[in-house]
Amino acid sequence: MTTCHQAGSPAADDDDLGLDLLLLTAQASGEMALRDALDTESGLAAIRATQPGASGSRAPPDQPASPHDPESPCSSD
Amino acid sequence: MGATLTNAGRHEAEVARVCSAGGSATPGITCLPGKAVDPGLDFAACYRQHLPGLVWFVMSLGASADEAQDAAQSAFAAAFPVWDTIRHPQAWLRRVAERVHCRSRSSREFPVEITSDRPWPPLVSSSVELRDEAAEVLAALAALPARQRQIMAWHVDGFSPAEIARELNMEQAAVRQNLAKARKNLKRLLGFTSERPL
């Protein structure tokens with residue numbers, strides 16, 4: 001991961017390494033918990049059921065045509 | 001998404017090829033966590049492999065587990081019919097999931113009509129029990145300003161400042177500046193320092 005800190009500062013290096021380690025550990029454990037909990041086969045079936053021609057199909061709730069639409073409202077600050 | 005590969009696209013394809021083969025010492029290529037996607041991975045395999053990571057990404061943006069599942073599921077549903085044309089699935093899915101989440105949150109804050117049910121059936125077959133460090137990090141991310149939180153979420157998923165700038169249509173300098181502020185604030189929030197917030 002990229003780190004942004006003042007070069008030559010041992011304290012900053014330790015803090016940055018510690019932060020990176022904590023962020024990656026949290027990500028790994030969070031993903032593991034989700035992997036255990038998520039029913040991906042049901043999710044796949046739900047997606048396939050939304051496609052044209054599928055039995056009981058319906059449109060997805062919010063189907064963007066492209067990921068490159070105008071800036072999201074969550075990132076205005 | 002077009003079929004023409006730009007120079008950046010060729011580079012990313014090479015990165016994906018090298019990294020999916022298990023990493024490399026190839027000059028100019030750095031394999032980052034969560035970044036590489038096997039270009040030959042079909043939709044179902046990619047969904048099974050990367051859904052948890054995408055849900056975590058949306059949770060890092062401040063969504064609840066339920067909201068994040070809905071946004072991630074909607075992103076994969078949008079990708080399904082155009083899967084063969086998507087060159088960079090990891091970035092594409094994150095952009096769409098983020099936008100779905102933001103729209104959903106906006107509609108809750110400014111409701112114009114009452115919807116009776118969730119857009120997707122629940123995907124969780126058992127409760128999501130986060131360990132302490134995961135919950136602590138999510139709480140700290142939620143306390144960041146939205147732009148810092150957004151950039152940190154992309155950063156933790158292995159995207160470089162240049163890639164983040166491209167995906168979010170920002171200047172690289174602004175990405176680096178927000179990333180530095182986010183790191184400083186996170187260190188304070190997570191107890192690494194006692195620095196004042198930015």
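This report covers the fold of chain B, the packing of two of its helices, and the confidence of chain A in a predicted model.

**Chain B overall**

Chain B contains eight helices and zero strands, so the order along the sequence reads α-α-α-α-α-α-α-α. The chain has 198 residues, and 48% of them are buried. Of the contacts in chain B that link residues at least 6 apart in sequence, 61% are between residues at least 24 apart. The exposed surface of chain B comes to about 9300 Å², with carbon and sulfur atoms supplying 52% of that area.

**Helices α7 and α8 of chain B**

Helix α7(B) spans residues 161-168 and helix α8(B) spans residues 172-189. Their axes lie 8 Å apart and form an angle of about 115 degrees. Because angles of 65 to 115 degrees count as roughly perpendicular, α7(B) is described as roughly perpendicular to α8(B). The crossing of α7(B) past α8(B) is right-handed. On the α7(B) side, the residues in contact are P161(B), A162(B), I164(B) and A165(B). They meet Q172(B), V175(B), R176(B) and L179(B) of α8(B).

**Confidence in chain A**

Chain A has an average pLDDT of 69, and 52% of its residues score at least 70. Two stretches with pLDDT under 50 are listed below.

| Stretch of chain A | pLDDT | Contacts in the model |
|---|---|---|
| Residues 1-10 | under 50 | 19 contacts beyond four places in sequence |
| Residues 68-73 | below 50 | twelve contacts beyond near neighbours in sequence |

Methods: Residues are numbered from 1 along each chain as its sequence is written. Chains are lettered from A and ligands numbered from 1 in the order in which they are written. This is a predicted model: local features need pLDDT of at least 70, side-chain atom pairs count only at pLDDT 80 or more; totals for chains, interfaces and linings use all residues. Side-chain values use heavy atoms; hydrogens and water are left out. Helices (H or I, at least four residues) and strands (E, at least two) are DSSP runs, numbered from the N terminus. Buried means under 20% relative accessible area, exposed over 50%, partly exposed in between (1.4 Å probe, protein chains only). Contact means heavy atoms within 4.5 Å. Accessible areas come from the Shrake-Rupley method with a 1.4 Å probe; for residues, only the protein chains shown count as cover. pLDDT is the predictor's confidence in each residue, from 0 to 100. Axes are lines fitted to C-alpha atoms, for helices over the stretch in contact, and angles run from 0 to 180 degrees between N-to-C directions. Angles under 35 degrees count as roughly parallel, over 145 as roughly antiparallel, 65 to 115 as roughly perpendicular and the rest as oblique. A crossing is left-handed if the near helix is turned anticlockwise from the far one by less than a right angle, and right-handed if clockwise.
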